[in-house]
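I pulled this one up to see how the chain is put together and then to check a handful of residues. My notes follow the order in which I looked things up.

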Amino acid sequence: MLSSYRRIFAAPGTLAFSSAGFVARLPISMAGIGIVTMLSQLTGSYGLAGAVSATMAVAAAALGPAVSWLVDRRGQRHVAVPATALTVAAATGLLLCAHFHAPSWTLFLFAVGLGVMPSAGAMVRARWAHLYRDDPAKLHTAYSFEAVVDEVCFIVGPILAIGLATNVFPESGVLVAVVALAVGIALFTAQRRTEPPVHPASAQGGGSAILNGGLIVLVLTFVATGAIFGSVEIVTVAFADAQGHKGLSSIVLAVWAVGSGLAGVVYGALKPRSPLSTRFFVGVVMMALSMVPILLVASTVHGVGGLVAAGAALLIAGVAISPTLISAMALVERLVPAAKLTEGMAWTTTGLALGVAFGSSVGGWVVDAFGAPSGYWVPLTAGALGVLVALTGLGRLRAGVTANEQVEAVERPVDAER
């Protein structure tokens, strides 16, 4: 198994840009929860804290694809560095306004500024695609490795942000996230030899990547997937609180991420031969079905035993996550021209972010209205909607992959002549 991962790091510079990418994407998992923890401590208002965090998420969903669009057209270094500088400036303003109790509207203003944070995960995957576009086996392993890195980020990031904010000083979680972004992007963009080339203007025509029909299917499915993530998180916290052990909710959710990470490691070492679109659809179906056990557990088992059973159910549910996301990223690479790849991957992140925000809101509303166990109907419903979207768009995904492969087959001889 490990030999598959050693092979992808045989190319010079791969370990350097992947490691820097890990540091640069930590803020994605730290910023939101860091803002909530910071403002709830400084202002005593969870409502304000949640609203500011949600504003940042919406701004990232709106501005993130535009930043990635520029990355594809101007190059990673030329766009990521100034975008990071703007993000650091906005974060500094937010920290100062929070510390000195400035008017609430200033918090929202700077939260919008955080939306220009560059998508380190998309840029890392774009580098892997540039290196291994003609070697599907290695690219599959590389995407699998990055999916595991994502899971590690979302396990470590929130724990680090909350721990710093509650044990050092309230602003420290967000502060460390900003420092990690600045250092990570600086190290990442310094790796010049692995940076994908900027494609000619002729290859960048045709408008935004989101006009691709197959990508639209993926983004809509990712909205449903994000709703699963967002609702499971808030409902699990409420379920643990109802059992009198709210503090254990982070452990239960970490187990969910561990299940996904382990599945990603194993899946990356395999060499699946079925079509990408089929693998993606099967993954979406499995994600939906995996929400049934947690719903049954929450409805029937209570106390510490209920949390243990919930953890076991989420461990199993996590197995479906990484393989689905890996297949989705590979589909983006096959659907979207190389000149628009970073933007295409950023759109999937946007779909996830919107889904997380929507799932959290609906999950919280259902918990308040009907109790924590009933809240698990939200991720199950979101999963069913995801299956419906993926099934409806399956033909479009297959057609898009086939069409792109035909275009690349025609372009390769031309590139070789150049």
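These entries go from the whole chain down to single residues.

**Entry 1: whole chain**

I noted at the outset that this is a predicted model. I looked up the secondary structure next, and got 18 helices and 0 strands for the protein chain. The radius of gyration is 21 Å, close to the 22 Å that the globule rule gives for 418 residues, so I put the chain down as being as compact as a globular protein of that length. For the outline, I took the box along the principal axes, and the C-alpha atoms fill roughly 70 × 50 × 40 Å.

How much of the chain is buried? I got 52% of the 418 residues. I also checked the contacts between residues at least 6 apart in sequence, and 84% of them join residues at least 24 apart.

Then the surface: I have about 17,500 Å² accessible, and carbon and sulfur atoms own 72% of that. For charges, I counted 22 positive and 18 negative, with their mean positions 6 Å apart.

**Entry 2: helices H13 and H14**

I wanted to know whether the end-to-end lengths hold up. H13 covers residues 303-318, and at 1.5 Å a residue its 16 residues should span 22 Å; I find 23 Å between the end C-alpha atoms, which agrees. For H14, 15 residues should span 21 Å, and the end C-alpha atoms are 21 Å apart, so that agrees as well.

Which residues of H13 are buried? My list reads Gly 306, Leu 307, Ala 310, Gly 311, Ala 313, Leu 314, Ala 317 and Gly 318. I jotted a reminder beside it: an α-helix has 3.6 residues a turn, so residues three or four places apart point the same way. The cover over the buried residues of H13 includes helices H9 (213-242), H10 (249-269), H12 (291-300) and H14 (321-335).

H14 itself is mostly covered, and I find 15 of its 15 residues buried.

**Entry 3: buried residues in three helices**

I started with Thr 221, which sits in helix H9. Its relative accessible area is 1%, so I filed it as buried. Leaving out residues up to four places away in sequence, I see Thr 221 touching Phe 280, Val 284, Gly 386, Val 389 and Ala 390.

Ala 147 was my next stop, in helix H7 (residues 136-167). Ala 147 has a relative accessible area of 7%, and the cut-off for buried is under 20%, so it goes in the buried column. What does Ala 147 touch beyond residues up to four places away in sequence? I find Arg 125, Ser 322 and Ile 326. I also took the C-alpha distance from Ala 147 to Gly 318: 12 Å in space, with their places 171 residues apart in sequence.

Gly 283 belongs to helix H11 (residues 276-289). At 10% relative accessible area, Gly 283 is buried. With residues up to four places away in sequence set aside, I have Gly 283 touching Ala 320 and Thr 324. For a distance check I paired Gly 283 with Ala 122: they are 161 residues apart in sequence, and their C-alpha atoms are 21 Å apart.

**Entry 4: residues with some exposure**

Is Ser 250 buried or partly exposed? At 43% relative accessibility it counts as partly exposed. Ser 250 lies in helix H10. I get 17 Å between the C-alpha atoms of Ser 250 and Ile 228, which are 22 residues apart along the chain.

Ser 45 is in the loop between helix H2 (14-43) and helix H3 (46-74). I read 26% relative accessibility for Ser 45, so it counts as partly exposed. Apart from neighbours within four places in sequence, Ser 45 is in contact with Leu 39 and Ser 40.

**Entry 5: an unusual backbone angle to file**

I ended on His 101, in the loop between helix H4 (76-99) and helix H5 (104-113). His 101 is not a glycine, yet I find a positive phi of about 55 degrees there. His 101 counts as exposed, at 54% relative accessibility.

Methods. Residues are numbered from 1 along each chain as its sequence is written. This is a predicted model: local features need pLDDT of at least 70, side-chain atom pairs count only at pLDDT 80 or more; totals for chains, interfaces and linings use all residues. Side-chain values use heavy atoms; hydrogens and water are left out. Helices (H or I, at least four residues) and strands (E, at least two) are DSSP runs, numbered from the N terminus. The radius of gyration is taken over C-alpha atoms; the globule rule is 2.2 Å times the number of residues to the power 0.38. Buried means under 20% relative accessible area, exposed over 50%, partly exposed in between (1.4 Å probe, protein chains only). Contact means heavy atoms within 4.5 Å. Accessible areas come from the Shrake-Rupley method with a 1.4 Å probe; for residues, only the protein chains shown count as cover. Lys and Arg count as positive and Asp and Glu as negative; His and the chain ends are not counted. The place of a charge is taken as NZ of Lys, CZ of Arg, CG of Asp or CD of Glu. The expected span of a helix is 1.5 Å times one less than its number of residues.
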